[in-house]
Amino acid sequence: MKILTFSGATPAEALKKAQLEVGEEAMLIETREVQKKSLGKSALYEIVVGVEENATPPAPKAKQKSEEPFMKQRPLAQKSSDVLYNISEAAKQISKIAEVTEEDRPSRQAPMRESEDLKRIKEEIEKLGDKVKLIQNMFWSEKSPKTTAAIPPEFAEIYRLAQESGMDQDHLDEIMHLTLEHMPSKMRESSETVKRYFQVLMRKMIPVRMESAPKLGSKKVIMLVGPTGVGKTTSIAKLAARFSYLLEKKYKVGLVVLDTYRIGAVEQLMQYARMMKLGIETVVDPPEFSSALNALRYSDYILIDTMGSSPYDKGKIEKIYECLRENNTEYTVDVVLVMPSSIKYDDLKATYENFAPLGIDTMMFTKLDETRGFGNIFSLVYETKVPISYFSVGQEVPEDLVAATSDFLVDCLMNGFSRGERV
């Protein structure tokens with residue numbers, strides 16, 4: 001390989017010289033600043049490019065190589081690891097060129113019209129950056145998708161992100177098929193527009209139960225059920241603080257404890273009740289359940305904490321069911337299944353199926369701050385069609401509670417969880 005150096009007042013100028021001299025097949029190796037801009041002196045940049053010995057110089061006024069399919073410009077006989085390394089380095093250099101070009105643009109009172117050459121170079125850099133991303137994603141896996149239709153290169157990034165998020169393969173392939181079938185061809189020109197379309201499609205597939213206040217003269221009774229250790233008691237405290245202190249209207253809240261198996265859980269909830277000055281009732285046997293609800297009839301919200309159990313412990317789940325069956329009050333109990341977001345889709349599905357006899361109305365997912373993949377949540381709600389009501393994103397009471405929206409979940413799935421994205 002022959003190494004050549006080109007210089008210019010900006011990286012873009014040096015890049016233009018290299019393109020005119022050796023064409024588009026040269027590989028960008030390095031960009032460096034040789035001389036800083038100072039009074040009376042212009043800046044000087046050098047770029048180093050590599051050209052194959054047998055490469056043919058570009059013919060004058062001939063069609064540029066960049067107009068050919070990008071994957072034909074370089075041999076693919078190299079190992080994928082070497083290709084990815086070179087791509088990564090090229091991407092970094094592209095970013096530097098773009099940044100320096102912006103910094104060196106002269107600033108004046110009146111807006112300056114950019115020269116046609118500068119516009120053309122910027123457009124080429126943007127196109128090259130997108131093509132680099134496409135090549136990176138084409139090497140992400142050797143496995144071919146199960147979809148009957150071929151996956152275009154522009155779709156590789158979202159396919160990889162969705163699969164790495166823990167989404168069920170069948171669900172991913174189904175959504176990809178819908179995207180390929182209905183997406184307008186004009187929107188397929190870049191990976192960014194494809195990603196936005198894919199996000200819009202997923203938002204429409206996520207059922208959500210929007211938070212609503214109790215109707216005048218009525219009350220809401222919410223029971224949290226789920227496995228041991230998922231954060232039901234802490235979530236009850238967050239909900240209690242939300243309804244009694246954080247919302248625009250301050251509601252009266254009462255608590256019921258069915259979790260008499262764990263003394264620590266009872267003491268923890270009683271401590272929260274004392275701090276927030278809430279009424280609290282404990283239930284040992286199912287016949288006491290109706291009495292506890294009637295004792296809190298002055299409340300706008302009644303929140304019920306239940307004993308945690310293995311999804312396969314039918315005995316404890318049956319005892320919760322008996323309480324619901326013994327309810328002879330006028331109040332309808334809204335059953336919320338609480339599950340951690342940090343377990344794989346198959347485990348979430350098994351948990352749901354074992355608690356389903358209780359009549360699950362909505363789902364709440366906890367520990368969002370302890371995982372990087374959220375495709376498992378999407379797959380469960382997409383499969384069961386049971387809406388999400390809340391997300392718990394940490395241990396802090398009451399602030400680490402998020403009222404569920406499809407936008408929030410899709411953003412977590414595509415970009416990861418961020419505490420700045422709370423709703």
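Here are two short exercises with worked solutions on this predicted model.

Residues are numbered from 1 along each chain as its sequence is written. In this predicted model, local features need pLDDT of at least 70 and side-chain atom pairs count only at pLDDT 80 or more, while totals for chains, interfaces and linings use all residues; side-chain values use heavy atoms, leaving out hydrogens and water.

**Exercise 1.** Find out whether Ser-235 is buried or exposed, and which residues it is in contact with beyond four places in sequence.

*Solution.* Start with the place: Ser-235 belongs to helix α7, residues 232–246 (helices are DSSP runs of H or I, at least four residues, numbered from the N terminus). Next, take the relative accessible area, which is 1%, so Ser-235 is buried (under 20%, with exposed over 50% and partly exposed in between, for a 1.4 Å probe and protein chains only). Finally, list the contacts (heavy atoms within 4.5 Å): Leu-224, Met-364, Thr-366 and Ser-392. A polar atom of the Ser-235 side chain also lies 2.7 Å from the backbone oxygen of Gly-231.

**Exercise 2.** Now try Arg-297: work out where it lies, and whether it is buried or exposed.

*Solution.* First, locate Arg-297 in the loop between α9 (288–295) and β7 (301–305) (strands are DSSP runs of E, at least two residues). Then read its relative accessible area: at 56%, Arg-297 is exposed. Leaving out residues up to four places away in sequence, Arg-297 touches Lys-219 and Tyr-331. Its side chain reaches the backbone oxygen of Asn-294 at 2.6 Å. To finish, Gly-254 is 43 residues from Arg-297 in sequence, and their C-alpha atoms are 8.6 Å apart.

Methods
A polar contact is a pair of N or O atoms within 3.5 Å; within protein, one must be able to donate a hydrogen and the other to accept it, and residues adjacent in sequence count only if both atoms are side-chain atoms.
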